[in-house]
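Please read the following note with the sequence and the structure at hand. Its points are numbered so that each may be checked in turn.

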Amino acid sequence: MDLFNSEPSPKRVPPRRAFLPWDRPLLERAAEWLLDRAGPDLPIDLSHLLVVVPTRNAGRRLREMLANLADERGTAIVPPLAAPPAFLLASGGEDSATVSPIAGEIEALASWIAVLTDTDLQEYRGLFPIDPPDQDFRWARSTARDLTSLRSVLGEAGLSFAEVSRRLPADHEEADRWADLEKLEARWWSFLGRRLDRVDREEARRRSARAPRLPDGIREVILLATPDPFPLAIDALEALAAREIPITIVTYAPESLAAAFDEWGRPLADFWLREPLDLPDFQHSVQLVANPDELLTRVADLAAAIPAPEETLAIGAVDGDLAPLLESTLRVRGIPAFNPDGGRVSREGFHHLLTILADLLGGPDFPAFREWLRIPEVDAWLSQRLERWNGPAARAALDDAHAFHLPGGLGEMRRFLEADAARVPAERDWERTRIESAIAAIGETEALLRSISRGPLEETLSSAMREVVGARRRAGESGAWAEKTIEAAAPELMRGLSQLGALERAGVHWEIGDRLSLLTEFTGAASVGEDRPPRAIELQGWLELLWDDAPHLVIAGLNDGIVPEAIAGDVFLPENLRKLRALRLRTNEDRLVRDLYLLRALLEPRRAAGRLDLLVPKTNADGEPRRPSRLLLRCRDDELPERVSHLFREIETSGSQLPWSPGFRLVPGLERAGAPEKPVAPVAVTAFSTFLASPFRFWTTQRLRLSRIEPEKAEMDDLDFGNLCHEALERYGNDPEARAWTDASRIEEFLLAAVDALARERFGERPGLAVRIQVEAARHRLAAAAEREAAERADGWEIIGVEARLGDGYPLALGGVEISGKIDRIEQRGDVVRVLDFKTSDARQRPRPEHFVESRLGDEPEWPPAYAIFRHADFSARSASAPPVEKIYRFKNLQIPLYALALSRALPDRRIEGGYFHLTKAVSDIGPDTWTIDAGLLEAARVCAEGVIADVLAGKFGRLDPARQNDSLETWHLGVPLRTLDLTHVGGGDNRPLTS
């Protein structure tokens, strides 16, 4: 008793307990129980009740059921206030009017970042035993997220870092770490209060739990079928009970099981871990499926077999990843479905725009700028800002420039583009136009970034967003869903901007890109609610299912780690720490006990009249094994072998054995009506090898000009590296004086100066580290090549052609089509002429086996066609006395033989050799590697080339090599071309029907 107060202290009124038998669905039982308490007065008035339910959706369902039952009784109803447990903590406590505002999400996270970046980590070695690589914004932001998440988990138990530290035993192995967390938290609290005049949200919730406030008119609280209220909510109920507020705990279970629950309706481990779970007809109700694809099909089949599934079927998408897939699968089958979890702004295009803008403001690089130009709103904005904007052409110019120059940022990209535009010849005005369009896009984007950086973000960002997003609206291109996304994001965006403004005024100054990245993360969490289709089946989470009264319940994805949810490897809260009762934290055992009760509660009302289907996939979408839920193994000992045998048996899929299967097939080659026929352009000598390997790949790369774009490219690929070495050797070969030298040191000096000049022209004065390493590797190889070049000149080999085009002095036409190509080098000695192709592969590749190999009986009988097969004397080295042997060969590549064929027509009296000049890693392998090309081989190459050209002209491209799935088109066919591509219409030269 208070000695200075004559009134006695309030006496705690123990909560009353009530039980709802589970022979009928919870929703019916709960609504009827509440109506029975209302008394005879009409209309029914339950407005004096606060009914605490597990989720908001449960509250909505309860109100709907109450309204329906009242309507059946011919009266109206004033429903109770139904809310989840967190509502008890929303008041701010009895002294809330005298304290500072609660810190918003950005303010709280930003305060942690500010504290972490300004902390001497030497003073916190229990928490940070090793320094991070950089104690910068990125590290602080990641660490701040972890600490914020940790405080949220502890907050449900009414704990701060300081409370955990004080409650740990002095000799606990984590004591030093939590002592450091306590000190760091104290600094954070001080920062919030002193710099921002804000209070911690978790502290406000603890204050509310000590002195909760009920809305006006609420005189009684009912905790209804909520089997795991978090501890802080129970603290609030305890405080209400101490003020003599009536509290009733309603448990969904028969009263005979009263001993299985504590006074707050939480299931007790001593009972539920011993109680077997009786699942009737286990082998029928528990259905094993191979993978998520099979699960989706099974659920859709079950729903399709029911005349009115929305009235009698409930679907539990307990694996959150399955909910959107289930929704789309059911809708494809004509069954309306609704995922109440809805979407997040983070999954929508508007959020992507903000994310890319934050990346650009953080330091413009090409990958971010490339994505920026592919955003529809940005394309519309540039169309209105620039008179001659051509998005595809500008993007192609930027991709080409990036692949060639590898610039570090937008400023450098602009300089390279301006230099490239100046070098474009007059006859290629189209190329200059697309480069100038790309330059203009960079200029507009840089101006936008400057305008955002010029003033307070809450003012400049809003203006910029109105301009960019409004451009698509003005063009009439933004759809209803885009508008809905922006409507959902706008309030969060403005609230976040307000919090960032408060931070700025408090002296927290960061780079604008960092501030915008915080805002983007915050905005992405906003929900975009989709309208519920009429008569739709609602896809519910695990905790929602208890409130569904459908007689037929399907639970999809009942795997361990999902139900029950498992926490493993938590950095701050391992299981041994969670089990300390002084901390009141939820453990894995707590979740197991709760879920054992929930599954029993879902089963019982459907035993007599209903059905329960539990679908358990054996693998996830990536093909990794998944275990069935441990709930399914809670049975009598004599039933366990049968259940284990059923749950872990091998099953076959009804379709592909692969864990993933595409849901579509592309039909390339289907021409639009009236589209002009594309003539066959000159065929490059290098393209014949592509056709001989895969005609479809020839069609995509040579006819459609498809190629992979690598926006993250930061170093030269194999082709770039080869071209750099080629061009240095080209400069040497084109210098009349240098190419006659026999002094290796002079040749080396020339080649190294040439490659250095080429690297500066291409990559600028300060290329990236990876490029510098590659240039040094090229210097190493060219220095070794100088020795061989000197030796070849001394041996009498004279350079007579460098990068010689087949059409310039060596024309070649086959099958009515011009053959194009450039011979890296032509050399002669006496009456012998040789063609050399420079190869910069790491290892030596023998030229002859790269062009043709022996044709064996095991080769595919349908490929290659007969024109690629030829007979020739054995190319293997044989003794002079050995009898001649003829073998059968097949072409893989025609490059060197076709070069030789062109030379033989221009120089009919010369003997021709062909091969490679290797520029390998190993110095000992550097140099020429050739073989004699006789008339028989030239004739065989001509026949093969004309056969390929005939097939190209006939449009015979409908074949690919399934063994070569990982190629530059993998992002198109997803690595499984045989399952993603329908090649019926590829080529279109044979009037095939429009069916596959």
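How many bridges join strand 23 to strand 24, and do these strands run parallel or antiparallel? Point 1 takes up this question.

1. The model under discussion is predicted. In it, strand 23 and strand 24, the latter covering residues 886-891, are joined by five bridges, and the two strands run antiparallel. One pair of opposing residues can be named: Phe870 faces Tyr889 of strand 24.

2. Strand 23 itself spans residues 869-873 and has two faces. Phe870 and His872 belong to the covered face, whereas Ile869, Arg871 and Ala873 make up the uncovered one. Phe870, on the covered face, is thus also the residue that stands opposite Tyr889.

3. A second sheet deserves attention. Five strands form an open sheet with parallel pairing, and their order is 1-7-6-3-5. At its edges lie strand 1 (16-20) and strand 5 (81-83), each of which pairs on one side only. From one strand to the next, the twist averages 20°. As a general point, the strands of a sheet pair through backbone hydrogen bonds, in either the parallel or the antiparallel sense.

4. Within this order, strand 6 is followed by strand 3. Strand 3 covers residues 49-52 and strand 6 covers residues 220-224; four bridges link them in the parallel sense. Among the residues involved, Leu50 has Val221 in strand 6 as its bridge partner.

5. Helix 16 comprises residues 376-385. Which of its residues are buried? They are Glu377, Val378, Ala380, Trp381 and Leu382. The cover over these buried residues includes helix 14 (349-361) and helix 15 (366-373), together with helix 19 (429-453) and helix 20 (457-474). In general, an α-helix has 3.6 residues a turn, so residues three or four places apart point the same way.

6. The chain as a whole may now be described. It contains 35 helices and 26 strands. Its C-alpha atoms fill a box of roughly 125 × 65 × 60 Å along the principal axes. Of its 996 residues, 51% count as buried. Among contacts with a separation of 6 or more, 76% are accounted for by residues 24 or more positions apart.

7. Finally, the surface and the charges are considered. The chain exposes about 47100 Å², and carbon and sulfur atoms supply 50% of that area. The chain carries 126 positive and 161 negative charges, and the mean positions of the two groups are 1 Å apart.

Definitions and conventions: Residues are numbered from 1 along each chain as its sequence is written. This is a predicted model: local features need pLDDT of at least 70, side-chain atom pairs count only at pLDDT 80 or more; totals for chains, interfaces and linings use all residues. Side-chain values use heavy atoms; hydrogens and water are left out. Buried means under 20% relative accessible area, exposed over 50%, partly exposed in between (1.4 Å probe, protein chains only). Contact means heavy atoms within 4.5 Å. Accessible areas come from the Shrake-Rupley method with a 1.4 Å probe; for residues, only the protein chains shown count as cover. Lys and Arg count as positive and Asp and Glu as negative; His and the chain ends are not counted. The place of a charge is taken as NZ of Lys, CZ of Arg, CG of Asp or CD of Glu. Two strands pair if DSSP finds at least two bridges between them. Axes are lines fitted to C-alpha atoms, for helices over the stretch in contact, and angles run from 0 to 180 degrees between N-to-C directions.
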